[in-house]
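Work through the exercises below with the model open beside you. Try each task before reading its solution.

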Amino acid sequence: MCSRQFDDDKELDLPQDNEEAEIARLQLPEQNQSLNAQEDVEADDERIARIEFHCKECDMHELVHYYGRNPPFALGVQFREDSYVMRDPFQAPPPRWQSKSENFLALGAKCTTCAKIVCKDAACSIYYTHTYCLPCARLELKSWPVEAQAKLRKQLVAKEAGSC
Ligand SMILES: [Zn+2]
Ligand SMILES: [Zn+2]
């Protein structure tokens with residue numbers, strides 16, 4: 001059973017009011033990232049990913065930069081649900097005064113029904129108005145429109161065939 005519940009366990013949540021701190025850190029002078037300059041990475045504090053993302057379905061572990069709906073480095077981006085977001089590791093940081101969005105990757109979100117963290121892989125979750133883990137999606141399926149059902153059925157078949 002996967003009944004609707006609100007998860008009070010905040011182990012992976014950041015306080016929502018840390019945006020100010022994040023913005024303050026964005027005001028540090030940007031440095032050119034170099035993959036072999038370990039010390040620079042240390043100093044370039046706000047670019048270090050510190051939030052743990054762990055997909056409970058496929059066991060993917062990744063450190064991300066942000067959890068929420070409005071990543072400070074992706075200007076103008078507003079997710080429809082709280083998401084785990086990572087800066088594009090291959091893009092040089094744009095100067096702060098340019099109001100230009102950085103590239104980013106949204107890795108996943110919490111299942112809207114059971115609050116389990118799942119990645120965006122088709123074998124782990126489906127997005128239909130919210131993110132659902134596949135086990136919950138299977139239970140909700142009957143109340144969805146036909147196209148959404150068809151999409152999910154395809155995913156479930158692919159998962160069972162192990163061809164992800
Ligand atoms: Zn996954
Ligand atoms: Zn679920």
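## Exercise 1: Confidence

Task: find which element has the lowest mean pLDDT and which the highest.

Solution. Among the elements of the protein, helix 2 (residues 38–43) has the lowest mean pLDDT, 49, and strand 6 the highest, 98. pLDDT is the predictor's confidence in each residue, from 0 to 100. Helices (H or I, at least four residues) and strands (E, at least two) are DSSP runs, numbered from the N terminus. Next, take the protein as a whole: its mean pLDDT is 79, and 66% of its residues reach 70 or more. Then look at two stretches. Residues 1–11 have pLDDT below 50, with seven contacts in the model beyond near neighbours in sequence. Residues 31–37 are also below 50, and this stretch has six such contacts. A contact means C-beta atoms, placed from the backbone, within 7 Å. Where pLDDT is low, the predicted coordinates should not be read in detail.

This is a predicted model: local features need pLDDT of at least 70, side-chain atom pairs count only at pLDDT 80 or more, and totals for chains, interfaces and linings use all residues. Residues are numbered from 1 along each chain as its sequence is written, while chains are lettered from A and ligands numbered from 1 in the order in which they are written.

## Exercise 2: The sheet

Task: trace the strand order and locate the edges.

Solution. Start with the order: four strands form an open sheet, 3-4-5-6, with antiparallel pairing. Two strands pair if DSSP finds at least two bridges between them. Strand 3 (66–68) and strand 6 (117–119) are the edges, each pairing on one side only.

Now count bridges. Strand 4 (residues 83–87) and strand 5 (residues 104–110) share five. Here Ser83 stands opposite Ala109, and Tyr84 has Gly108 as its bridge partner. Three bridges join strand 5 to strand 6. Gly108 appears again, opposite Cys119 in strand 6. Finally, check the hairpin of strands 5 and 6: six residues lie between the strands, and Ala115 takes a positive phi near 70°.

## Exercise 3: The core

Task: describe the largest nonpolar core and say which domains feed it.

Solution. This core has 21 residues; Val64, Tyr84 and Cys133 are among those with the most contacts inside it. A nonpolar core is a set of buried Ala, Val, Leu, Ile, Met, Phe, Trp, Tyr and Cys residues joined through C-beta atoms within 7 Å. Buried means 20 or more other C-beta atoms within 10 Å of the residue's own. Elements giving two or more residues include strand 8 (130–133) and helix 3 (134–140). At least three residues come from each of domain 1 (11–110) and domain 2 (115–164); these bounds come from an automatic or database domain assignment. Last, follow Val64: its contacts include Ala49, Phe53, Tyr84 and Leu107, not counting residues up to four places away in sequence.

Key
A residue is buried if 20 or more other C-beta atoms lie within 10 Å of its own, exposed if 12 or fewer, and partly exposed in between; C-beta atoms are placed from the backbone. Two residues are in contact if their C-beta atoms, placed from the backbone, lie within 7 Å.
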